[in-house]
Amino acid sequence: MSEQYRIRLKAHFSATLASYFEGFSPQQVENGETILTGKVADQAALHGLLALIRDLGIPLLEVKQIQPGASLLEKPVVKLLRHHNKSNCPNSI
């Protein structure tokens, strides 16, 4: 059974580059990234896709399996940690 994946890459795709990823929908993001969404037949096909990304020299940022009914454009949660002075932190030891 095929599973749907979202793959985030650090590259904007040309039409030529997008042609390597048949069956995937590329979405270019303003920050220089491309998000590919599409179905992968099995784990062997996923590994083949990841090998292609590696062989093309495209930096891989994220691979996420999409659950049925989930938003395809959902952004990953990024927690930003602020560096704060221990004297200003009430719970510091």
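Two strands count as paired if DSSP finds at least two bridges between them. The exercises below apply this to a predicted model.

**Exercise 1. Work out how E2 and E3 are joined, and what sits in their hairpin.**

Step 1. Locate the strands. E2 covers residues 24-28 and E3 covers residues 34-40.

Step 2. Apply the cut-off. Pairing needs at least two bridges. E2 and E3 have five, and they run antiparallel.

Step 3. Find a facing pair. Glutamine 27 is opposite isoleucine 35 in E3.

Step 4. Inspect the hairpin. Five residues lie between the strands. Glycine 32 has a positive phi here, near 90 degrees.

**Exercise 2. Find what joins E1 to E3.**

Step 1. Take E1, residues 3-9. Seven bridges link E1 to E3, and the two run antiparallel.

Step 2. Pick out a facing pair. Glutamine 4 stands across from lysine 39 of E3.

**Exercise 3. Assemble the sheet: in what order do the strands lie?**

Step 1. Write the order. The open sheet has four strands, E2-E3-E1-E4, with antiparallel pairing.

Step 2. Mark the edges. E2 and E4 (60-66) are the edge strands, each pairing on one side only.

Step 3. Add the twist. On average, neighbouring strands of this sheet are turned by 20 degrees against each other, direction ignored.

**Exercise 4. Place the sheet in the whole chain, and position H2.**

Step 1. Count the elements. The protein has two helices and four strands.

Step 2. Read them from the N terminus: β-α-β-β-α-β.

Step 3. Position H2. This helix, residues 43-55, lies across E1, E2, E3 and E4. H2 runs at about 15 degrees to E1.

Step 4. Check the contact range. Take contacts between residues at least 6 apart in sequence; 61% of them join residues at least 24 apart.

**Exercise 5. Describe the largest nonpolar core and follow one of its residues.**

Step 1. Start from the general tendency. In soluble globular proteins, nonpolar side chains tend to be buried together.

Step 2. Set the burial level. Buried means under 20% relative accessible area. Of the 93 residues, 26% are buried.

Step 3. Name the core. The largest nonpolar core holds 14 residues. Ile7, Phe13, Phe21 and Ile58 have the most contacts inside it. E1, E3 and H2 each contribute at least two residues to this core.

Step 4. Follow isoleucine 7. Leaving out residues up to four places away in sequence, isoleucine 7 touches several partners, including Phe24, Ile35, Leu49, Ile53, Leu60 and Val63. Thr34 and Glu62 are also among them.

Step 5. Turn to the outside. The accessible surface comes to about 6,900 Å², and 55% of it belongs to carbon and sulfur atoms.

How values were computed. Residues numbered from 1 in each chain as written. Predicted model: local features only at pLDDT ≥ 70, side-chain atom pairs only at ≥ 80, totals over all residues. Heavy atoms only, no water. Axes fitted to C-alpha atoms, helices over the stretch in contact; angles between N-to-C directions. Contact = heavy atoms within 4.5 Å. Buried < 20%, exposed > 50% of the residue type's maximum accessible area, 1.4 Å probe, protein only. Areas by Shrake-Rupley, 256 points an atom, 1.4 Å probe, with all protein chains shown as cover. Core = buried A, V, L, I, M, F, W, Y, C linked by side-chain atoms within 4.5 Å.
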